[in-house]
Amino acid sequence: MEKVWSIRLIQVAAVFGLFGTFLGSMMAGEMDYSLRPIHAHILLVGWLSVFAWGIFYRVYTVRFKLLVTIHSIVAMAGAFMLTSGMWLYNLNPFNWNETFVMIYFIVGGSLLLIAFFLFLVVTFVTEKE
């Protein structure tokens, strides 16, 4: 199970990595760095954290397989919702209701916090070699 989620997490991380570097290139080309916090979160949360979790699952075996699945789904959802929520909150390009956008952003951050807690638990239930 870990191997399946490992590659999924790494694939999602690769998408975040490409998008984050593209956004950085756009900002540099336009000399407009107003999206710096969003760019940083895309790369730190979406690329680095999700990639690290994918590598962890490639290396270690976890005793509770369902925990791997739950963590991976919550992690990917949280990373996506936090970064897209941050973008919506700062720009609101679709003119969505501000309360909805704020709740979406908060839910994304909360899911990511839960993902980090679940990962902490996962690290303590790995199988001994």
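**Entry 1. Ile-106**

I began with Ile-106, which has a relative accessible area of 49% and is therefore partly exposed. The cut-off for exposed is over 50%, so a value of 49% leaves Ile-106 in the partly exposed class. I placed Ile-106 in helix α4. I then looked up a pair distance and found 7.9 Å between the C-alpha atoms of Ile-106 and Gly-85. Along the chain, these two residues are 21 residues apart. I note here that the model is a predicted one.

**Entry 2. Overall layout**

I counted the secondary structure elements next. The protein has 4 helices and 0 strands, and I read the order along the sequence as α-α-α-α. I took the extent of the C-alpha trace along its principal axes, which is about 50 × 30 × 20 Å. I also looked up burial for the chain: 41% of the 129 residues count as buried.

**Entry 3. Salt bridge**

I searched the whole structure for salt bridges and recorded 1. Its partners are Glu-2 and Lys-65, with 2.8 Å between the closest N and O atoms. Glu-2 belongs to helix α1 (residues 2–30) and Lys-65 to helix α3, so the pair ties together parts that are 63 residues apart in sequence. I checked the accessibility of each partner. Glu-2 has 5% relative accessibility and therefore counts as buried. Lys-65, with a relative accessible area of 32%, is partly exposed.

**Entry 4. Largest pocket**

I turned to the largest pocket, which holds about 320 Å³ of space. It is lined by 14 residues, and those closest to its centre are Phe-19, Ile-42, Thr-83, Ser-84 and Trp-87. I noted that α1, α2 (36–59) and α3 are the elements that give two or more residues to this lining. The largest share comes from α1, with 7 residues. I sorted the lining by residue class and obtained 12 nonpolar, 2 polar and no charged residues.

**Entry 5. Nonpolar surface patch**

I looked for nonpolar patches on the surface and recorded one of about 510 Å². Trp-87, Leu-91, Phe-94, Trp-96 and Phe-100 make this patch. Trp-87 is also among the residues closest to the centre of the largest pocket. I followed Phe-94 further and found this residue in the loop between α3 (65–91) and α4 (98–124). Its relative accessibility is 48%, so Phe-94 counts as partly exposed.

**Entry 6. Positive phi**

I checked backbone angles, bearing in mind that most residues other than glycine have a negative phi. Which phi value does Asn-95 have? I read a phi near 55° for Asn-95, a positive value in a residue other than glycine. Asn-95 is in the loop between α3 and α4. With 68% relative accessibility, Asn-95 counts as exposed.

I recorded Met-31 as well: its phi is near 55°, again positive in a residue other than glycine. Met-31 sits in the loop between α1 and α2. I found a relative accessible area of 62% for Met-31, which means that this residue is exposed.

**Entry 7. Two buried helix residues**

Is Ser-49 buried or exposed? I found 13% relative accessibility for Ser-49, and the residue therefore counts as buried. Ser-49 is located in helix α2. I looked up its separation from Ala-79: the C-alpha atoms are 8.9 Å apart in space, and the residues are 30 apart in sequence.

I closed with Val-122, which is in helix α4. Val-122 has 0% relative accessibility and so counts as buried. I took the C-alpha separation between Val-122 and Met-31, which is 42 Å. The two residues are 91 residues apart along the chain.

Technical notes:
Residues are numbered from 1 along each chain as its sequence is written. This is a predicted model: local features need pLDDT of at least 70, side-chain atom pairs count only at pLDDT 80 or more; totals for chains, interfaces and linings use all residues. Side-chain values use heavy atoms; hydrogens and water are left out. Patches are made of residues with over 30% relative accessible area and no salt bridge: like charges are joined within 9 Å, nonpolar side chains (Val, Leu, Ile, Met, Phe, Trp, Tyr) within 5 Å. Accessible areas come from the Shrake-Rupley method with a 1.4 Å probe; for residues, only the protein chains shown count as cover. A salt bridge is a side-chain nitrogen of Lys or Arg within 4 Å of a carboxyl oxygen of Asp or Glu. Buried means under 20% relative accessible area, exposed over 50%, partly exposed in between (1.4 Å probe, protein chains only). On a 1 Å grid over the protein atoms alone, a cavity is a set of points where a 1.4 Å probe fits but cannot get out, and a pocket is an open set with protein on both sides within 12 Å along at least five of seven lines; lining residues have an atom within 4 Å of a point. Grid points are joined across faces, edges and corners, and a volume is the space filled by probe spheres set on the points. Ala, Val, Leu, Ile, Met, Phe, Trp, Tyr, Cys and Pro count as nonpolar, Asp, Glu, Lys and Arg as charged, and the others, Gly among them, as polar.
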